[in-house]
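Here's a quick briefing on how the helices of this chain sit against one another. Have the model open while you read.

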Amino acid sequence: MKADSTDRNALRRYLLGELIEDEKALDAIERRLMTDDAYFEEYELVKEEVIDEYAEGEMTSDERKRFDKHFLTSASRHRDVRVAQAFIPESSSFQEKPPVK
């Protein structure tokens, strides 16, 4: 079962920490991630898209701040961003890549 755009949007907001205040939504997403394999696969795809958007400089300043604060919370996530940045061509229109700790 492919997730719809509402699911994808919720997962994106979840990854960017936009649902911190909404315990009900957080709980529902986390429960579904543990019980629905297709939803978890969609989560992984959305996570890759969010990482690519960050690495390519396609996020707004506010989104980048949320990404830094709520997503870059582990060494493996920092590594994922560095790997994505390594695949960006030097001729990319976005020259100033966000720093990854």
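One cut-off first: angles of 65 to 115 degrees between axes count as roughly perpendicular. Helix 2 (residues 23–35) meets helix 3 (residues 37–55) at about 110°, so the two are roughly perpendicular to each other. Keep in mind that this is a predicted model.

**The overall picture**
- The protein chain has 5 helices and 0 strands, so to speak an α-α-α-α-α run when read from the N terminus.
- Out of 101 residues in the protein chain, 37% count as buried.
- Looking at contacts in the protein chain with a separation of 6 or more, 57% come from residues 24 or more positions apart.

**Helix 2 against helix 3**
- The axes of helix 2 and helix 3 lie 6 Å apart, and helix 2 goes past helix 3 in a left-handed crossing.
- On the helix 2 side, I29, R32, L33 and T35 make the contact; helix 3 brings D37, Y39, F40 and Y43 to it.
- Sort the residues of this helix 2–helix 3 contact by type and you get 5 nonpolar, 1 polar and 2 charged.

**Helix 1 against helix 3**
- Helix 1 (5–15) packs on helix 3 at about 60°, with the axes 9 Å apart.
- That angle makes helix 1 and helix 3 oblique to each other, and the crossing here is right-handed.
- Helix 1 uses D7, R8, L11, R12, Y14 and L15 for the contact, while helix 3 offers Y39, E42, Y43, V46, K47, E49, V50 and E53.
- The residues of the helix 1–helix 3 contact split into 7 nonpolar and 7 charged, with no polar ones.
- Y39 and Y43 of helix 3 are worth finding on screen: they take part in the contact with helix 2 and also in the contact with helix 1.

**The two sides of helix 4**
- Which residues of helix 4 (residues 61–71) are buried? They are E63, R66, F67 and F71.
- These buried residues span an arc of only 105° around the axis, so they end up on the same side of helix 4.
- Flip to the face of helix 4 turned away from its buried side and you find K65 and K69, both exposed.
- As for what covers the buried residues of helix 4, the list includes helix 1, helix 3 and helix 5 (75–86).

Conventions. Residues numbered from 1 in each chain as written. Predicted model: local features only at pLDDT ≥ 70, side-chain atom pairs only at ≥ 80, totals over all residues. Heavy atoms only, no water. Axes fitted to C-alpha atoms, helices over the stretch in contact; angles between N-to-C directions. Helix = DSSP H or I, 4+ residues; strand = E, 2+ residues; numbered from the N terminus. Parallel < 35°, antiparallel > 145°, perpendicular 65-115°, else oblique. Left-handed = near helix turned anticlockwise from the far one by under 90°. Contact = heavy atoms within 4.5 Å. Nonpolar A, V, L, I, M, F, W, Y, C, P; charged D, E, K, R; others polar. Buried < 20%, exposed > 50% of the residue type's maximum accessible area, 1.4 Å probe, protein only. Arc of directions from axis to C-beta.
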